Amino acid sequence: MPTLSHPGTPALPFLDGRPKKLLIGGRWEEAASGRTFPSVNPSTGETVAELAEAGSEDADRAVAAARAAFEGPWRRLTPRDRQALMWALADAVQEHYEELQLLEALDMGAPIGKQRSGRTPPWEAEVLRYFAGWATKIHGETLQNSIPGSVFSYTLKEPVGVVAAIVPWNRPISNAIWKMAPVLATGCTMVLKPAEEAGLAALRIGELLTEIGLPDGVVNILTGYGEAGAALSGHPGVDKVAFTGSTEVGRRIVEASAGNLKRVSLELGGKSPDVVFADADLSRAIPGAAWGVFSNSGQICCAGTRIFVERPVYDEFVEGVSKFADGLKVGDSLDRTTKIGPVVSAEQLERVTGYLDLGREEGARTTAGGRRLEDGDLAKGYFVAPTVFADVRDDMRVAQEEIFGPVACVLPFDSLEEVAARSNDTSFGLSGGIWTRDVGKAHRLAQELQTGTVWVNTMLLFDPAVPFGGYKASGYGREMGQHSLDEYLNVKSVWIDTA
């Protein structure tokens, strides 16, 4: 069991030194191959735990368990029964939230002092309670038709079936709950495949599911590499894939889904514009735009990494955001004074630092950061200084490609029409930001941006009732809100001749 040396850090019985198993049909099982793989703390490079490495045989077992639950005990539960279980899970997540946060900090590096601090109840518990409310409110419609005689028609909304949920490593708790909540509310069952870099929180949530009495097989959890995810994507027993991750992998999932024409929803990458007008309150816009890039070490799909700044305040903004970046403490994720933790892995470190070199080669001016941090204890982990590139051009790769690290590209602009066109000149369309005191200007640009979400005078706000998803290569389908339920429901039309 790892030693958590920071003062005030409680012991974690979950990390008992034994390899973690797969949750299949309500039982904790070893992988069919017997293989395990390490979960590595990106702050130290040390192994936190060994996890079972699921393969295609394990995917078969998990899908079979989800199917048996869907066609058996889960279907017999009433909406109110499902609601009660979701409330119980929300209570359990809230009760054990500090432990879940510690696990998230240990296996992907999210700073423990910055994880939705001050939010009570925790965001993930709010999500579960919101969707628990929908469990008893899913209904069809009585439809007036134009058929002569006494013909009655109505619709039913029914669960899609078995869902394969494949999620990334950047927010392990949220990613698991975002996918789980609509599945439980609609009466589907699922196989959850967390990313290999961050499976601990998902497995602990799996333990909470068994403790609240969720029927066996309703939620199954497979840790491992791409083999398990690929097996689920093409599995004939899976009715829907809900994927969050890179656009490249999203395309492969769409191709794999063609076998049984399974339903697919995709929340993919982004290269989001954040537009700062000259009339903006820079005392808010500078830290707001900075956190829109640097939160979670830049490992957020909707990060506003292309910051367009109107020319009259461009130099002032660059100076301010660079000073802000230089003032952020980078350090161990378990240090509660840390603002920026490590990137998740050695592979991600290599990717991000490669873009730092590329930006300089392309002619961008580094005004903050621009390097790996290797001083003292930081040498053991995967730390990148929050970086600001100024004088970036639209055609630079650092302005077009998703870096997924703490790297801001700042570009000048001269008019609303110009910045609208340049903001949309990307294959992505996940989100965008606007900073201005002019509400009319904000409305005009919000309508022009080809993105699924637009934040005005703020960044990265989320609420369970508000849908989130992308345009273009950022995917299709929605998370959160009433709209997300449609991703997990079939509509059946029923005709009755009452004569």
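Student: Which residues of helix 8 are buried?
Tutor: This is a predicted model, in which local features need pLDDT of at least 70, side-chain atom pairs count only at pLDDT 80 or more, and totals for chains, interfaces and linings use all residues. Residues are numbered from 1 along each chain as its sequence is written, and side-chain values use heavy atoms, with hydrogens and water left out. Buried means under 20% relative accessible area, exposed over 50% and partly exposed in between, with a 1.4 Å probe and protein chains only. In helix 8, a helix being a DSSP run of H or I with at least four residues and a strand a run of E with at least two, numbered from the N terminus, the buried residues are Ala 228, Gly 229, Ala 231, Leu 232 and Ser 233.

Student: What covers the buried residues of helix 8?
Tutor: Contact is counted for heavy atoms within 4.5 Å. The cover includes strand 7 (162-166), strand 8 (189-193), strand 10 (240-244), helix 9 (247-256) and helix 1.

Student: At what angle do helix 1 and helix 8 pack?
Tutor: Axes are lines fitted to C-alpha atoms over the stretch in contact, and angles run from 0 to 180 degrees between N-to-C directions. The axes of helix 1 (residues 56-71) and helix 8 (residues 226-233) are 8 Å apart, and their angle is about 45°.

Student: Which residues of helix 8 meet helix 1?
Tutor: From helix 1 come Ser 56, Ala 59 and Val 63. Their counterparts in helix 8 are Glu 227, Ala 228, Ala 231 and Leu 232.

Student: Is Asp 58, the partner of Arg 61 in a salt bridge, buried or exposed?
Tutor: A salt bridge is a side-chain nitrogen of Lys or Arg within 4 Å of a carboxyl oxygen of Asp or Glu, and here the closest N and O atoms are 2.6 Å apart. Both residues lie in helix 1, three residues apart, about one turn of the helix. Arg 61 is partly exposed at 28%. Asp 58 has a relative accessible area of 2%, so it is buried.

Student: How many residues apart are Glu 98 and Arg 336?
Tutor: Their side chains meet in a salt bridge with an N to O distance of 3.7 Å. Glu 98 is in helix 4 (residues 97-108), while Arg 336 is in the loop between helix 11 (314-326) and helix 12 (346-362), and the separation of these distant parts of the chain is 238 residues.

Student: How is helix 4 oriented to helix 7?
Tutor: The two helices, helix 7 being residues 200-211, pack at about 155° with axes 8 Å apart. Angles under 35 degrees count as roughly parallel, over 145 as roughly antiparallel, 65 to 115 as roughly perpendicular and the rest as oblique. Helix 4 is therefore, relative to helix 7, roughly antiparallel.

Student: Which residues of helix 7 make the contact with helix 4?
Tutor: Helix 4 contributes Glu 99, Leu 100, Leu 103 and Asp 107. Helix 7 contributes Leu 200, Ala 201, Arg 204 and Ile 205.

Student: Is Asp 395, which meets Arg 393 in a salt bridge, buried or exposed?
Tutor: The N to O distance of this pair is 3.1 Å. Arg 393, at 42% relative accessible area, is partly exposed. Asp 395 has 58%, so it counts as exposed.

Student: How many salt bridges does the whole structure hold?
Tutor: Some share partners and join Glu 99, Arg 204, Glu 207 and Glu 211 into one network. A search of the whole structure gives a total of 27.
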